[in-house]
Amino acid sequence: MDANNEYLLLFRGKEWWNGLSAEELRTTMEQIKGWFDQLEASGKLKAAQPLAREGAVVSGRNGTIVADGPFAESKEVIGGYLLLQVDSLNEAIAIARSCPTLKFDMQAEVRPIAGECPSMAYARQIISEQQFATA
Amino acid sequence: MLIFRGTDWHNGLSPEQMQQVAGQWMAWFKRLTAEGKVVAGNPLEREGKIVSGKNGRVVADGPFAESKEAIGGYFLLNVASLDEAVAIAQECPGLPYGARVEVRPVMDQCALSGEALPDNQLAEATA
């Protein structure tokens, strides 16, 4: 069940701009701008922001463990996100595939926004199955 | 941005416990929203794809279910500092069950070009 046909795109990868010539950088920036302009004009882009390559990771029972993270060199670091409003997962995937930075070893994760927490839905399903079984 | 990692936190919980924790999570979201600290947030379906390669030619399934690393959802915060965002993250009801929260500052400008990103309702959200 997709909530309002929204999809989240998460972009992962190293700092792709490192090691590019000024020319390559300029060209890529133009491509990115063009990509965004087109998305915006289509009305499919609800939000988009880059994430700074710093922060923290909180874990442990009361969140008492606070580690620095993520590390800038890692390919797994999320560099930014897009929130799209499109009719299907395939359309969201098509948009992800057209991102100009994929060629620099970036990766786009495409996830449907859920109408409710999947664990909540799963729990409800188990409970109704149990009730059915004991009825 | 708070990125909630771990889609396996419900393992070992009874369905009633799962509902309780998920309910706490929703109440936490509502409270933060009422306080003006959260501007957006969503759970994610435990499915999707990972796109990579030149022209996005590789489209793979992802390990989105039952994984410690998989992302289960996010909040976008409007707070004054990373410390404040971390303090909010420490309240996450999934933490005792193994969920982790990645806390990342959001930029509303592309760091490279200095250009403002496309206009959107979240342009003022920073964390």
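Buried residues account for 33% of the 135 residues in chain A of this predicted model. The chain is drawn out compared with a compact globule of 135 residues: that would have a radius of gyration near 14 Å, while chain A has 19 Å. Its partner is chain B, and there is plenty to look at where the two touch.

**Chain A on its own**
- Three helices and six strands make up the elements of chain A.
- Starting at the N terminus, these elements follow the order β-α-β-β-β-β-α-β-α.
- Along the principal axes, the C-alpha atoms of chain A fill a box of roughly 70 × 40 × 20 Å.
- Take the contacts in chain A between residues at least 6 apart in sequence: 76% of them join residues at least 24 apart.

**Where chain A meets chain B**
- On the chain A side, 51 residues are in contact with 51 residues of chain B.
- Two or more residues each come from β1 (2–12), α1 (22–42), β2 (45–50), β3 (56–59), α2 (89–97), β6 (107–114) and α3 (118–134) of chain A.
- Of these, β6(A) gives the most to the side that touches chain B, with eight residues.
- Sorted by class, that side of chain A holds 32 nonpolar, 10 polar and nine charged residues.

**Strand pairing across the chains**
- Have a look at β3(A), which pairs with strand β6 (residues 100–103) of chain B in the antiparallel sense, over three bridges.
- Within this part of the model, Ala56(A) stands opposite Val103(B) in β6(B).

Note on methods. Residues numbered from 1 in each chain as written. Chains lettered and ligands numbered in written order. Predicted model: local features only at pLDDT ≥ 70, side-chain atom pairs only at ≥ 80, totals over all residues. Contact = placed C-beta atoms within 7 Å. Helix = DSSP H or I, 4+ residues; strand = E, 2+ residues; numbered from the N terminus. Nonpolar A, V, L, I, M, F, W, Y, C, P; charged D, E, K, R; others polar. Pairing = 2+ DSSP bridges. Rg over C-alpha atoms; globule rule 2.2 N^0.38 Å. Buried ≥ 20, exposed ≤ 12 C-beta atoms within 10 Å, placed from the backbone.
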